[in-house]
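Colleague: I'm still new to reading models like this one. Could you pick a single part and take me through it slowly?

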Amino acid sequence: MNTSFDDLLGNRWLWTAVLSSTGAQVVKVFLILLVERRWRPAAAMETGGMPSSHSAMVAALSTGVALTQGLGSPLFAASAVFALIVMYDATGVRHSSGVQARLLNELVEELRAVVREGFAPLPLKVLLGHTYLEVLVGTLIGIGAGFLAFRVW
């Protein structure tokens, strides 16, 4: 049992992916500080926005697998397909859901102005997905983390 826990703690692929995602979330907080001039550490716990931490995570995993198992390995193929699905979903379905949430929130505001009596649904979360640029930057962070973990250290 102890060796399984040691294996988990020593799993460089897992921790590189997790740390890459965490790093992208930290970058998000500092980008908000830089661009919007406000300190919002809670953004580290939010989905959406620049950069995509999901893309960073799956790119770091795929990079680590590629560097240790080879580009021709079945494990790399599985991790690359998984990464592409996550990135496609982030820019497609989740991004579209965010756009729809924004439009529904506007509709609710218009209805609130007309009805005015007890009509107060909570606004929907708008930042669900990512733009292509946000996914690209997250992917570059993940690839960089993978190279650091598996080629530099």
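Modeller: Sure, let's walk along helix H2 and see what sits at its ends and sides. Keep in mind that this is a predicted model.

We can begin with how long the helix is. H2 covers residues 12-36. With 25 residues at 1.5 Å a residue, H2 should span 36 Å, and its end C-alpha atoms are 35 Å apart, which agrees.

Next, the start of the helix. There, a side-chain oxygen of asparagine 11 comes to within 3.1 Å of the backbone nitrogen of tryptophan 13. Tryptophan 13 has another partner too: arginine 12 lies over the face of its ring, at 5.8 Å from the ring centre. And how open is tryptophan 13 itself? Its relative accessibility is 28%, so tryptophan 13 counts as partly exposed, since buried would need a value under 20% and exposed one over 50%.

Now for the rings. A pair of aromatic rings is described by the distance of the centres and the angle of the planes. The count here comes to 2 aromatic pairs. In one of them, tryptophan 13 meets phenylalanine 150: the ring centres are 5.5 Å apart and the planes are at 35 degrees, so the pair is tilted. This pair links distant parts of the chain, because tryptophan 13 belongs to helix H2 and phenylalanine 150 to helix H6, 137 residues apart. Phenylalanine 150 is buried, with a relative accessible area of 7%.

The other pair is made by phenylalanine 30 and tryptophan 39, and it is tilted as well, with 5.7 Å from centre to centre and 55 degrees between the planes. Phenylalanine 30 is partly exposed at 46% relative accessible area, while tryptophan 39 is exposed at 52%.

What about the side of H2 that is tucked away? Its buried residues are Thr16, Ala17, Ser20, Ser21, Ala24, Gln25, Lys28, Val29 and Ile32. You'll spot some polar names in there, including Gln25 and Lys28. The buried residues of H2 pack against helix H3, residues 53-69, and against H6.

Since H6 has come up twice, let's make a quick stop there. Helix H6 takes in residues 132-152, and threonine 139 is found in it. At 15% relative accessibility, threonine 139 counts as buried. Leaving aside neighbours within four places in sequence, threonine 139 is in contact with Ser55, Ala56, Ala59 and Met87.

Back to H2 and its far end. Glutamate 36 forms a salt bridge with arginine 38, and the closest N and O atoms are 2.7 Å apart. Glutamate 36 is partly exposed at 41%, and arginine 38 is also partly exposed at 41%. Between them, right after H2, comes arginine 37, whose phi is positive, near 60 degrees.

How many salt bridges are counted in the model? There are 2. The one we haven't met yet joins arginine 40 to glutamate 46, with the closest N and O atoms 3.0 Å apart. Arginine 40 is partly exposed, with a relative accessible area of 22%. Glutamate 46 counts as partly exposed too, at 25% relative accessibility.

So, to trace the route once more on your screen: start at asparagine 11 by the start of H2, follow the buried residues that pack against H3 and H6, and finish at arginine 37, which follows the helix.

Technical notes. Residues numbered from 1 in each chain as written. Predicted model: local features only at pLDDT ≥ 70, side-chain atom pairs only at ≥ 80, totals over all residues. Heavy atoms only, no water. Helix = DSSP H or I, 4+ residues; strand = E, 2+ residues; numbered from the N terminus. Buried < 20%, exposed > 50% of the residue type's maximum accessible area, 1.4 Å probe, protein only. Contact = heavy atoms within 4.5 Å. Phe/Tyr/Trp six-rings, centres within 6.5 Å; stacked < 30°, edge-to-face > 60°. Lys NZ or Arg CZ within 6 Å of the ring centre and 35° of its normal. Expected span 1.5 Å × (residues − 1). Polar contact = N/O pair within 3.5 Å; in protein donor to acceptor, adjacent residues only side chain to side chain. Salt bridge = Lys/Arg side-chain N within 4 Å of Asp/Glu carboxyl O.
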